[in-house]
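Please look over the sequence and the structure shown below before reading on. The report that follows takes up the helices and strands, the cores and the cysteines in turn.

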Amino acid sequence: HHDNCICEVVRAIKRIQDMREELDCDDCRTDCFLTPLGSLSPSRRRPNTRVFTLSTDDGDLFKAFFKRGRREREFERELNVENERERDSDCDRENCFSVFFRVQNVFDNCCATLEVLEPRDERGRRVNLFKHGKFDFNEFCKVERFERTGSCITVDLKCFCGVQCFRDVHLQCDDD
């Protein structure tokens, strides 16, 4: 009996996030199995998250809803971003969609709890991935950072056909 391929990859991501110490080499710079955590994108801070996307059987990126927290709204006000109406056209001030995830837990028969990650640009501003209900690849290319949202979704990993890892990052784990 063999488990689903996507399930095995997400389980491996979880093990790598938990492990972080063994060394390994691999030629593929975005291989989801690459260890240790931090190998996809070394940074000054010790990475604790391998960011990834999931693809559905029709090739579309899986998206999930998240509710923006008070801290994120205050951060944006501090940035004093211009043209707020345009920025919020497909993402109201508190609710958005993302295609980026962090695995929280894998359990039972390939079920997983994933935290939805909010995409940010190089200056820390929110990136709206969806314009007028359609995925915007130009916006996708602007993503440089991620913020935890506290919004989680439980999924059946057998329902996906692809997983792509992007980078290893350090995300704040506390709410202060």
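## Helix α1

At 1.5 Å a residue, the 15 residues of α1 should span 21 Å, and because its end C-alpha atoms are 21 Å apart, the expected and computed values agree. The model is a predicted one, and the values given in this report are to be read with that in mind.

Among the residues of α1 that are buried are Ile 6, Cys 7, Val 9, Val 10, Ala 12 and Ile 13, together with Lys 14, Ile 16 and Gln 17. An α-helix has 3.6 residues a turn, so residues three or four places apart point the same way. The buried residues of α1 pack against four strands, namely β1, β4, β5 and β9.

## Overall make-up of the chain

The protein chain contains four helices and nine strands, and along the sequence these follow the pattern α-β-β-α-α-β-β-β-β-β-α-β-β. Of its 176 residues, 44% count as buried, while the accessible surface comes to about 10500 Å², with 45% of that area belonging to carbon and sulfur atoms.

Contacts between parts far apart in sequence are well represented: among contacts with a separation of 6 or more, 69% are made by residues 24 or more positions apart.

## The nonpolar cores

In soluble globular proteins, nonpolar side chains tend to be buried together. The largest nonpolar core of this model has 25 residues, of which Val 10, Phe 52, Leu 114 and Leu 157 touch the most other members. Two or more residues of this core come from each of α1, β1, β2 (64-67), β4 and β5, and α1 gives the most, with five residues.

Phe 52 illustrates how this core is connected, since leaving aside residues up to four places away in sequence, Phe 52 touches Val 10, Ile 13, Val 99, Phe 100, Phe 101, Arg 102, Val 103, Leu 114, Val 163, Gln 164, Cys 165 and Phe 166. Apart from the largest core lies another, of twelve residues, among them Val 99, Val 127, Val 143 and Leu 171.

## Thr 53 in strand β1

Thr 53 belongs to strand β1, which covers residues 49-55, and because its relative accessibility is 2%, Thr 53 counts as buried. Not counting residues up to four places away in sequence, Thr 53 touches Leu 61, Val 99, Phe 100, Gly 162, Val 163, Gln 164 and Phe 166.

## Strand β5 and its partners

Nine of the ten residues of β5 are buried, so this strand is largely enclosed by the rest of the structure. On one side of the pairing, β4 and β5 run antiparallel and are joined by seven bridges; they form a hairpin with three residues between them, and Asp 108 in the turn has a positive phi of about 50°.

Strand β5 also runs antiparallel to β8 (residues 145-156), to which nine bridges join it. Thr 113 of β5 takes part in both pairings, being the bridge partner of Asn 105 and standing opposite Thr 154 in β8.

## The cysteines

How many disulfides does the count come to? The count comes to two. One disulfide joins Cys 7 to Cys 110, with an S to S distance of 2.2 Å, and at -100° about the S-S bond this link is left-handed. The pair connects distant parts of the chain, 103 residues apart, with Cys 7 in helix α1 (residues 5-19) and Cys 110 in the loop between β4 (100-107) and β5 (111-120). Both Cys 7 and Cys 110 are buried.

The other disulfide joins Cys 32 to Cys 165, with an S to S distance of 2.1 Å, and because the torsion about its S-S bond is about 120°, this disulfide is right-handed. Cys 32 lies in the loop between α1 and β1 and Cys 165 in strand β9 (residues 162-169), so the pair ties together parts that are 133 residues apart in sequence. Cys 32 counts as buried at 8% relative accessibility, as does Cys 165 at 1%. By contrast, the sulfur of Cys 111 is 7.8 Å from the closest cysteine sulfur, that of Cys 110, which is too far for a bond. Cys 111 counts as partly exposed because its relative accessibility is 22%, and Cys 152 counts as partly exposed at 47%.

Definitions and conventions:
Residues numbered from 1 in each chain as written. Predicted model: local features only at pLDDT ≥ 70, side-chain atom pairs only at ≥ 80, totals over all residues. Heavy atoms only, no water. Buried < 20%, exposed > 50% of the residue type's maximum accessible area, 1.4 Å probe, protein only. Contact = heavy atoms within 4.5 Å. Disulfide = S-S within 2.5 Å. Expected span 1.5 Å × (residues − 1). Areas by Shrake-Rupley, 256 points an atom, 1.4 Å probe, with all protein chains shown as cover. Core = buried A, V, L, I, M, F, W, Y, C linked by side-chain atoms within 4.5 Å. Pairing = 2+ DSSP bridges.
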